[in-house]
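Me: Please take a close look at one part of this model. I would like the sheet and what surrounds it, strand by strand.

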Amino acid sequence: QALVFPATTSRGVYIATSGGRAMKAYRASGTFRNGRTDQKFSMDIVAADEDEATHRILSNFGSRHGTPRRFVKIESLTEISPSESNEPRVIAHFRDQ
């Protein structure tokens, strides 16, 4: 069965992202506003493309920390091999491969 993940276009319109697309592992690093200071972060994520990875990172900081998207600065977003990651979501997604 194909899983469906929400994603947005540049206009903020929701589109369906099918699990049938080839998913990749990405590593993002940058800073986000935490109170009055900027906190560094590094995060591994599974996404179909860079736009979806950016959306998932921004959504994560919004939901977990209440940080508006404009205060999350992604300095680098690179595709990585899933074997390089220790993130449980990445390991679980690529377990059978």
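Reply: What follows walks through the sheet, then one residue inside it, then the helices.

The model is predicted. Its open sheet has 3 strands, in the order E4-E3-E5, and the pairing is antiparallel. Strands E4 (37-47) and E5 (72-80) stand at the edges. Each has a single partner strand, so one side of each is left without a neighbour in the sheet. On average, neighbouring strands of this sheet are turned by 15° against each other, direction ignored. Strands of a sheet pair through backbone hydrogen bonds, either parallel or antiparallel.

Take the pairing of E3 with E4. Strand E3 covers residues 24-34 and pairs with E4 in the antiparallel sense over 11 bridges. Two of the bridge partners can be named. Phe32 has Gln39 as its bridge partner in E4. Ser29 has Ser42 as its bridge partner in E4. The hairpin of E3 and E4 has 2 residues between the strands. In that hairpin, Gly35 takes a positive phi near 75°.

Now the pairing of E3 with E5. These strands pair in the antiparallel sense over 8 bridges. Here Arg27 has Thr78 as its bridge partner in E5.

Thr31 deserves its own look. This residue is found in strand E3. Its relative accessible area is 15%. Buried means under 20%, so Thr31 counts as buried. Which residues does Thr31 touch, not counting those up to four places away in sequence? The list is Asp38, Gln39, Lys40, Phe41, Phe71, Val72, Lys73 and Glu75. Gln39, one of these contacts, is also the bridge partner of Phe32 in E4. In a regular strand the side chains alternate between the two faces of the sheet.

Next, the helix against the sheet. Helix H1 (residues 50-65) lies across E3, E4 and E5. Helix H1 runs at about 130° to E4.

Last, helix H2. This helix spans residues 88-93, and His93 is placed in it. Is His93 buried, partly exposed or exposed? His93 has a relative accessible area of 38%, so it is partly exposed. Leaving aside neighbours within four places in sequence, His93 is in contact with Met23 and Val46. Val46 falls in the range given for E4, 37-47. His93 and Pro82 are 11 residues apart in sequence. In space they are 9.0 Å apart, C-alpha to C-alpha.

Key:
Residues numbered from 1 in each chain as written. Predicted model: local features only at pLDDT ≥ 70, side-chain atom pairs only at ≥ 80, totals over all residues. Heavy atoms only, no water. Pairing = 2+ DSSP bridges. Helix = DSSP H or I, 4+ residues; strand = E, 2+ residues; numbered from the N terminus. Axes fitted to C-alpha atoms, helices over the stretch in contact; angles between N-to-C directions. Contact = heavy atoms within 4.5 Å. Buried < 20%, exposed > 50% of the residue type's maximum accessible area, 1.4 Å probe, protein only.
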